Structures are given as C-alpha cells and as structure tokens.
Amino acid sequence: MENIDWQKKLFDSLSFPTLILSLDMKVVAANIRFLQKYTYNKEQIVGKKCYEVLYGLKMPCEEVSCPLLKVIKTRKGTSSTNKTKGNNGDDIYEDRVCSPIFNDKGDVSYILVSIRDITNIKLLEIEFHRSRDFLENIINSSVSAIIVADMRGVILFMNESARKLFGYTTKIAVGNSIAEYLYTPGGARSIMKKLRSRRYGGVGKLYTTNMTIITSSGKKVPVEMNASIIYENGKEIATMGIYNDLRPKIEIEKKLREAERIKLTQSNKMASLGQLAAGVAHEINNPLSGILIDASLILEELENDNPLKEDIKNIIDDTNRCKDIVKNLLAYSRQVEIKEETLDMNSVIEQAFSLLKNHALLQNITIKKEFSDGMLLFKGDKNQLIQVFTNMIINSAHAIKDTGTIIMKTDRDKSKGKIYVEISDTGCGIPENVLPKIFDLFFTTKEEGKGTGLGLGTVQGIIEKHGGKIKVKETSPKGTTFQISLPLFTVSRNTLV
Ligand SMILES: Nc1ncnc2c1ncn2[C@@H]1O[C@H](COP(=O)(O)OP(=O)(O)OP(=O)(O)O)[C@@H](O)[C@H]1O
Ligand SMILES: [Mg+2]
C-alpha cells in the first residue's frame, strides 16, 4: 500500500484557504489554496502573527472581538464576516470560520481558520434587502391603508396608513389573529365569500366596495375597500385589503348639501320678499302719483311769497324719492317688463357716466375707462342697464369718500359668448362679515337718508333678468372690483340678410 501522508493531503485538498494557528496567534501551517489565493510562500507565512496575515494589522485585535480567544474560551467554533477591498477596489466579503483542534487530553491545542469567499451571496443579500426596503417604502408611503393577512386571519403586514386608520401598532397587530375584528360581525367572512366568487371582480378579486371597519378603540369608520387573494402555486396563501377612509369625502358632501340647502332657503326667502315688495310697491305707486299731482297743483296755485311753498316743494321731493324706491323695488322683484333692443355695452356705460357727470359725489374722483375695441352687443333694456351702472358707480363713489379712482373695464369672450364688465374702485372695500349680505334687500351700511339698501338687489335683479350674473371679484381695504357678465349678442349672416 502506498505510504500517504493523509493529514497533509487532506489539508491541501480543502477547497477553502485554510490556516492552522498556535494558541500564541502564530501561523503554524497554511494549505496550498491559501498560499495560492494570497500569493504567499510557506517560508514567508509560517511563524507570522495571525492579525498580520489575516487583517494586515501590526497589533492584535481587541480582546472582545478576537475570534481566536473566543474559540479558546468557549472551546467551540465561531464564524465572522469580514469585509475587505479587492485589488480593483470592489468590496469582498469573507466568512472566517475558526474551529478548535483538541489534543489527546481534550485541550484546545491549535485553531483551524478557514476562509470562504461569500461576496456573491452577500451582494445578492444586499440587493434583496435594497429591493425589499424599496417596496416597503412604496407601500408605506401609500395614502391608502394596506393590510396583508394569512388565511387564518393572522396579520402579516400593515402599512403606516393602515396603522393610523385602524389604530393598531405593528407590535400589537402583526403576528396576531385579529383580521376578523377589523370588520363588523360577519364582515370578514362576507369579504372572503365575495373574494372567492366570480361576481365581484373575478375569483380572487373584490372591486371597490363601501363598507365599515372597526378601529382598535371600537369606533366604526366608513371606508372604500378593494381586496385580493394572494396565491402561491395556485394555493391561497394570504389576502390583501386596500382601504380608503371615506370620512373626509362624506364631510365635504355634507357641507355641500348644507350650503345648497342654505342657498335654496335664501333664494326662497328672497323670492317671497321680492313678491311682497312688488305687491306693496304696486299698491303704493297709485297713491304716490295722486300725492304728486295734488302737491304740484297746490304749488302752482300758491303765490310766490306764500311760506307754504317751501313745504309743498319738500312734499314733492320726498314723494319723488318714494317713487324712486318703488321703481327700484319693482325692478328688484323683476316685475318690470324688459324693453328689449340691441345695445352696445360701451355706449350704455358712457350714457350712465354722462347722467352722473355733474353729480357732487364724482367731482374729486378720477374715472378711467378701459373699453374693449369694437362693439359689445347685447340684447336688453337700455334704461335698466343704465340704472345698473349708475348704481354701481354711486356705490363706488360712496366707498371712496374723498379722492380716488373708478375704473370701468369692458371685454368679451367670443368662445364663451359673454360680455364682461368690471367696475373697480379704490374705496374702503367690503368687510368679510358684510360681503354675504350686500345683495340682500334693504341691507345697507350707510347712514339713514344716504342708502336704502336696494341698489345691489336691483342691479342683481336686472342682470339676472338679462341672463347674466354679478359677483364681487375682489375686495380688500384697498378697493373692490365687481364683475358683471351678460350674454354676448352675435350678428349671424342670416340676421344680416
Ligand atoms: N363698491 C363698494 N365698495 C364698498 N362697499 C360697497 C360697494 N358697493 C356696495 N357696498 C356695500 O354694500 C351695501 C349694499 O349696497 P346697495 O347698493 O345695495 O345699498 P346702498 O348703496 O347702501 O343703498 P342704495 O343703493 O339703496 O342707496 C352698501 O351699503 C355697502 O356697504
Ligand atoms: Mg347703492
């Protein structure tokens, strides 16, 4: 039989670079794989300290981290991962396994260090962690709540939004069989039934459905949910639910309904107020005309030096004022007939300004007209539209008080078929608490005798009757801009022929 040194043969046949160390940390032997891999020759390496050979250090490693001491102490093998740089600068990961070699007495006499290159495994592991973190990040940043549970109802995963919505911490929820408590009694079973049916999105799927969930504190919350079964090799392994809290949506809908209701009540109130005003105005109009005629007759009869003449004049002035109010009331309540003709907006506004030319209120105010080029035609009642602009201009002048500017701007949008008029002033602006009331009948902030609060109500009545709209576009303590829009009248070829 061949005389073979089996121990040496075995040592050199190991496919991992391997060293044998003495207890005083010196290299006693290195196998061929080690010498090849780290390009040493036997003479160079034997007798050198392990920290020089393995870590390139001049001093021993710290006692706590020294694997050699650990093996001596525990008499058991140990392994540690070491990261180094390769010649090309790439990271190299090595698994260094230290195993005790016992003598016949059972004492640790040498230590075997075996080095395994685990760079590929380590890089795969790093890549795996990176993509898992990335996916987890995506799921966690979703605003929808996401929960994954196994088929027994044990929670496997809950994203951040789910923890917030359901009120559970990861520690309490994950790993515990609480899925059925997330729904009203029977809810979880009904979801599973639907998931397994064909009717709600196909087998394994449940399209968006509204339902109620129960939070950790027992609160019922309406949600929108969709769910799916996760399969592995055709076998059901988990379910995933995606939930969106419906409370904000329900709250907005409630507010909208409430606003709609208030608007409706308000417009009903205004409509009946308008009818009442129209009735009263009609009744008052005739006696007022009678007073006016009689007073005028008396005035004519009286001698010039009659002291009553001044009183009669006052009666006539006040009656005329009453007649104006009645006229406004009728316009407001849309009882006045519209005399429809084709008008040009720029010239209607010019006429309103010329009517107010000598008005004391406008004497210190700069008027700027930014009119659109060309005609802005619309169908309407000239006198009523003039009344609109005189009302608006007087309101602006009142808001300005001393000096300031009123800008009247006209424009059109052919595609929308609209004329726009903007009345801007550098006045005091409309306070927030006043703004919702300005179109109300008899609402005024002016002192008695200066305003009746019919102006804007009348304006709105006329504009709406003409198929248009009026709104406050902007207001601040620096001034106000009202915007009026009216249907643009376009002359078609047919009309011209
Ligand atoms: N351009 C404006 N700037 C600031 N406030 C305004 C302006 N226009 C209207 N307002 C506010 O709206 C209120 C209602 O206006 P409206 O024209 O209906 O009544 P009035 O001017 O007070 O009285 P009337 O027009 O009947 O003489 C005003 O009292 C005022 O507070
Ligand atoms: Mg007014």
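Colleague: Which of the 20 residues around ligand 1 come nearest?

Modeller: Thr444, Thr445, Lys446, Thr452 and Leu454. A residue is counted as near if one of its heavy atoms lies within 4 Å of the molecule. This is a predicted model, where local features need pLDDT of at least 70, side-chain atom pairs count only at pLDDT 80 or more, and totals for chains, interfaces and linings use all residues. Residues are numbered from 1 along each chain as its sequence is written, chains are lettered from A and ligands numbered from 1 in the order written, and side-chain values use heavy atoms, leaving out hydrogens and water.

Colleague: What makes the Asn395 pair with ligand 1 a polar contact?

Modeller: A polar contact is a pair of N or O atoms within 3.5 Å. A polar side-chain atom of Asn395 lies 2.8 Å from a ligand 1 oxygen, so the pair meets the cut-off. Asp425 also qualifies: a polar side-chain atom lies 2.9 Å from a ligand 1 nitrogen. Leu456 uses a polar backbone atom, 2.8 Å from an oxygen of ligand 1.

Colleague: How much of ligand 1's accessible area does the protein cover?

Modeller: The protein covers 91% of the 600 Å² that ligand 1 has on its own. The areas come from the Shrake-Rupley method with a 1.4 Å probe.

Colleague: How do you know that ligand 1 sits in the largest pocket?

Modeller: A molecule sits in a pocket if more than half of its atoms lie within 2 Å of the pocket's grid points. Ligand 1 is assigned to the largest pocket, so it meets that test.

Colleague: What makes a site a pocket and not a cavity?

Modeller: Both are sought on a 1 Å grid over the protein atoms alone: a cavity is a set of points where a 1.4 Å probe fits but cannot get out, while a pocket is an open set with protein on both sides within 12 Å along at least five of seven lines. The largest pocket has a volume of about 1,500 Å³. Its lining holds 48 residues, with Asn391, Ile394, Asn395, Lys446 and Gly455 nearest its centre. Helix 13 supplies the largest share, 11 residues.

Colleague: How many cavities of 30 Å³ or more are found?

Modeller: Two, in a search of the whole structure. The largest is about 120 Å³. Among its 15 lining residues, Cys50, Leu54, Tyr55, Pro67 and Leu68 are closest to its centre. Helix 4 (50–55), helix 5 (67–74) and strand 4 (91–102) each give two or more residues to that lining.

Terms used:
A polar contact is a pair of N or O atoms within 3.5 Å; within protein, one must be able to donate a hydrogen and the other to accept it, and residues adjacent in sequence count only if both atoms are side-chain atoms. On a 1 Å grid over the protein atoms alone, a cavity is a set of points where a 1.4 Å probe fits but cannot get out, and a pocket is an open set with protein on both sides within 12 Å along at least five of seven lines; lining residues have an atom within 4 Å of a point. Grid points are joined across faces, edges and corners, and a volume is the space filled by probe spheres set on the points. Helices (H or I, at least four residues) and strands (E, at least two) are DSSP runs, numbered from the N terminus.
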